[in-house]
Amino acid sequence: MEEEAAREVVIDNDLKKKIKETVKKILKRSSLLEITEIKAREEASAELDLDLSRDPYNLIVREAVDTFIEKAIMTIETEMGKLHTQIVDDVDGGGTEKTTKTTTKKKKKKKTKKKVEEAESSAA
């Protein structure tokens, strides 16, 4: 019983917060396609000079990674929704309609200008 109590690590809130912030900082500067929980844990261990592979540290790291990934996924889904709406608008002609109207107006102005010049030439 005494051995179990001696192995149990008590973490104060400040250390827990520091571990989470360090992991988050590492994830922010890393490529989400290449970083893993293990790599983030190893980098955070080196930065904090603390073995984060042991309990309960590894659980704190996992929690920080999971939270970051959940927020990243929500952000990506939101942005994809915005992009989807824009793409659908463009496909339906919403995005090109403004360009077409502007081009048509310019062509009409050129034709009108030519007609005025021709009328002036024939009147003279």
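**Exercise 1. Place Met80 and describe its surroundings on the surface.**

Step 1. Met80 sits in helix H4. The model is a predicted one.

Step 2. Check its exposure. Met80 has a relative accessibility of 49% and counts as partly exposed, because the exposed class starts only over 50%.

Step 3. Look for nonpolar company. Met80 belongs to a nonpolar surface patch with Ile76, Leu83, Ile87 and Val91. Together these residues offer about 520 Å² of accessible area.

**Exercise 2. Find out how the span of H4 compares with the expected value, and what covers its buried residues.**

Step 1. Take the length. H4 runs over residues 57–91 and has 35 residues.

Step 2. Compare the spans. From first to last C-alpha, H4 reaches 50 Å. The expected value at 1.5 Å a residue is 51 Å, so the two are close.

Step 3. List the buried positions. They are Tyr57, Asn58, Ile60, Val61, Ala64, Val65, Phe68 and Ala72.

Step 4. Identify the cover. It includes helix H2 (13–29) and helix H3 (37–48).

Step 5. Look past the end. Gly93 follows H4 and has a positive phi, near 95°.

**Exercise 3. Set H4 in the context of the whole fold.**

Step 1. Count the elements. The protein has five helices and zero strands. Read from the N terminus, the order is α-α-α-α-α.

Step 2. Gauge burial. Of the 124 residues, 19% are buried.

Step 3. Weigh the contacts. Among contacts with a separation of 6 or more, 56% join residues 24 or more positions apart.

Step 4. Add the surface. The accessible area is about 10,300 Å², and carbon and sulfur atoms hold 54% of it.

**Exercise 4. Inspect the backbone of the loop between H3 and H4. Which residues there call for a second look?**

Step 1. Start from the background. Most residues other than glycine have a negative phi, and most peptide bonds are trans.

Step 2. Test Asp49. This residue lies in the loop between H3 and H4. Its phi is positive, about 55°, although Asp49 is not a glycine. Asp49 is exposed, with a relative accessible area of 72%.

Step 3. Test Pro56. This residue is also in the loop between H3 and H4. The peptide bond from Asp55 to Pro56 is cis, with omega near -5°.

Step 4. Conclude. Asp49 earns its second look by its phi, and Pro56 by its cis bond.

**Exercise 5. Trace the contacts of Asn58 and Arg41.**

Step 1. Classify Asn58. Its relative accessible area is 17%, so Asn58 is buried.

Step 2. Find its polar partner. The side chains of Asn58 and Asp55 make a polar contact of 3.2 Å.

Step 3. Go further along the chain. Leaving out residues up to four places away in sequence, Asn58 touches Glu37, Arg41, Leu52 and Ser53.

Step 4. Move to Arg41. This residue is in helix H3. At 12% relative accessibility, Arg41 counts as buried.

Step 5. List its contacts. With the same sequence exclusion, Arg41 touches Leu52, Ser53, Asn58, Val61 and Arg62.

Step 6. Add the charge pairing. Arg41 forms a salt bridge with Glu37, with the closest N and O atoms 2.6 Å apart. Both residues lie in helix H3, four residues apart, about one turn of the helix.

**Exercise 6. Determine which helices the salt bridges of Glu47 connect.**

Step 1. Set the total. The structure holds seven salt bridges.

Step 2. Take the Lys25 pair. The side chains of Glu47 and Lys25 meet at 3.1 Å, N to O. This pair links distant parts of the chain, with Glu47 in helix H3 and Lys25 in helix H2, 22 residues apart.

Step 3. Take the Arg29 pair. Glu47 and Arg29 meet in a salt bridge at 2.6 Å, N to O. Here too helix H3 is linked with helix H2, and the partners are 18 residues apart.

Step 4. Check exposure. Glu47 is partly exposed at 36%. Lys25 is partly exposed at 45%, and Arg29 at 49%.

**Exercise 7. Characterise Leu32 and its contacts.**

Step 1. Locate Leu32. It lies in the loop between H2 and H3. Leu32 is partly exposed, with 48% relative accessibility.

Step 2. Name the contacts. Beyond four places in sequence, Leu32 touches Leu27, Phe68 and Ala72.

Step 3. Add a distance. The C-alpha atoms of Leu32 and Ile69 are separated by 8.9 Å, though their positions lie 37 residues apart along the chain.

How values were computed
Residues numbered from 1 in each chain as written. Predicted model: local features only at pLDDT ≥ 70, side-chain atom pairs only at ≥ 80, totals over all residues. Heavy atoms only, no water. Buried < 20%, exposed > 50% of the residue type's maximum accessible area, 1.4 Å probe, protein only. Contact = heavy atoms within 4.5 Å. Areas by Shrake-Rupley, 256 points an atom, 1.4 Å probe, with all protein chains shown as cover. Polar contact = N/O pair within 3.5 Å; in protein donor to acceptor, adjacent residues only side chain to side chain. Patch = residues over 30% accessible without salt bridge, like charges linked within 9 Å, V, L, I, M, F, W, Y side chains within 5 Å. Salt bridge = Lys/Arg side-chain N within 4 Å of Asp/Glu carboxyl O.
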